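Dear colleague,

I am handing over the structure below, as agreed, so that you can open it beside these notes. What I found in it follows after the model itself.

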Amino acid sequence: MSKRVFIGVGHGGSDPGAVSGSYVEADINLVMALACKAELERHGVTVGISRTRDENDRLTEEIKECNDFGPDVAIEIHNNSGGGDGFEVYTQNTAESKRLAQLVQEEIWKINQNSRGIKYNAGLGWTRQVKCVTVLAEGFFVDTPKDRYDAEGQQKFGVAYAHALLRYLNIKIKEGADVTKAEAKEII
């Protein structure tokens, strides 16, 4: 039986999230999420995703979609702002969510992004209301030029997230190309 993963894609439509010049968080989140989806599907995982294009996608709708999909595991993809640098991941207050967060952090380190740590925030709707093991990932700071990643780098985040999810699900990561240059152009 195929494993099921749900990807929440932060912001979209009238809510762009963080914006700095041509860097728009909603668009970056989508690039990462589509790369994650493609890599998971390459491994035979059934993937649900909150959006595949720019559209209004409120958090309450994402949470409902996720819970209705009934995934084994889920991730919400965001990026940060506020002048900092580095990646951070938020967990549910469970050992399994913390284990998933550790795997995500390990994969992010492989693409040479520093980490601000694994954190718990009781106020986050995603980690409070999603009914499966989940994390919320903040990839980089959109408003910090030395921390930003271009489209290819953004796709690497998506693949890193997918590899962490695959490891969590005990699915062996296939060698070979993950998101190819041709697929990358289609994703953007």
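**Notes on the chain**

Leaving aside neighbours within four places in sequence, Arg 116 is in contact with Gly 84, Asp 85, Gly 86, Phe 87, Glu 88 and Phe 141. Please keep in mind throughout that this is a predicted model. Arg 116 belongs to strand E7 and is partly exposed, with a relative accessible area of 38%. One of the contacts just named is polar, since the side chain of Arg 116 meets the side chain of Glu 88 at 3.2 Å. For a sense of distance across the fold, the C-alpha atoms of Arg 116 and Ile 49 are separated by 26 Å, with their positions 67 residues apart along the chain.

Turning to the chain as a whole, the secondary structure comes to 6 helices and 8 strands, and from the N terminus on the elements run β-β-β-α-β-α-β-β-α-β-α-β-α-α. The radius of gyration is 15 Å, close to the 16 Å that the globule rule gives for 188 residues, so the chain is as compact as a globular protein of that length. Along its principal axes the C-alpha trace spans about 45 × 40 × 30 Å, and buried residues make up 53% of the 188 residues. Of the contacts with a separation of 6 or more, 80% are accounted for by residues 24 or more positions apart.

As for the surface and the charges, the chain exposes about 8,500 Å², of which carbon and sulfur atoms supply 49%. There are 23 positive and 28 negative charges, and the mean positions of the two sets are 4 Å apart.

Two buried residues deserve a description of their surroundings. Leu 40, which is found in helix H1 (residues 25-42), has a relative accessibility of 0% and therefore counts as buried, the cut-off being under 20%. Leaving aside neighbours within four places in sequence, Leu 40 is in contact with Val 5, Ile 7, Val 45, Val 47, Ala 162, Leu 165 and Leu 166. Leu 40 and Ile 171, although 131 residues apart in sequence, are 10.0 Å apart in space, C-alpha to C-alpha.

The other is Asn 79, placed in strand E5 (residues 73-80) and buried, with a relative accessible area of 3%. A polar atom of the Asn 79 side chain lies 3.0 Å from the backbone nitrogen of Phe 140. Phe 140 is also among the contacts of Asn 79 beyond four places in sequence, which include Glu 25, Ile 28, Asn 29 and Met 32 as well as Glu 138, Gly 139 and Val 142.

Finally, there are two backbone angles that you may wish to look at. Most residues other than glycine have a negative phi. Asn 112, however, has a positive phi of about 70 degrees although it is not a glycine, and its place is in the loop between helix H3 (95-110) and strand E7 (115-120). Asn 112 is exposed, with a relative accessible area of 68%. Asn 170 likewise has a positive phi, near 60 degrees, and lies in the loop between helix H5 (151-168) and helix H6 (181-187). With a relative accessibility of 71%, Asn 170 counts as exposed.

With kind regards

How values were computed:
Residues are numbered from 1 along each chain as its sequence is written. Side-chain values use heavy atoms; hydrogens and water are left out. Helices (H or I, at least four residues) and strands (E, at least two) are DSSP runs, numbered from the N terminus. The radius of gyration is taken over C-alpha atoms; the globule rule is 2.2 Å times the number of residues to the power 0.38. Buried means under 20% relative accessible area, exposed over 50%, partly exposed in between (1.4 Å probe, protein chains only). Contact means heavy atoms within 4.5 Å. Accessible areas come from the Shrake-Rupley method with a 1.4 Å probe; for residues, only the protein chains shown count as cover. Lys and Arg count as positive and Asp and Glu as negative; His and the chain ends are not counted. The place of a charge is taken as NZ of Lys, CZ of Arg, CG of Asp or CD of Glu. A polar contact is a pair of N or O atoms within 3.5 Å; within protein, one must be able to donate a hydrogen and the other to accept it, and residues adjacent in sequence count only if both atoms are side-chain atoms.
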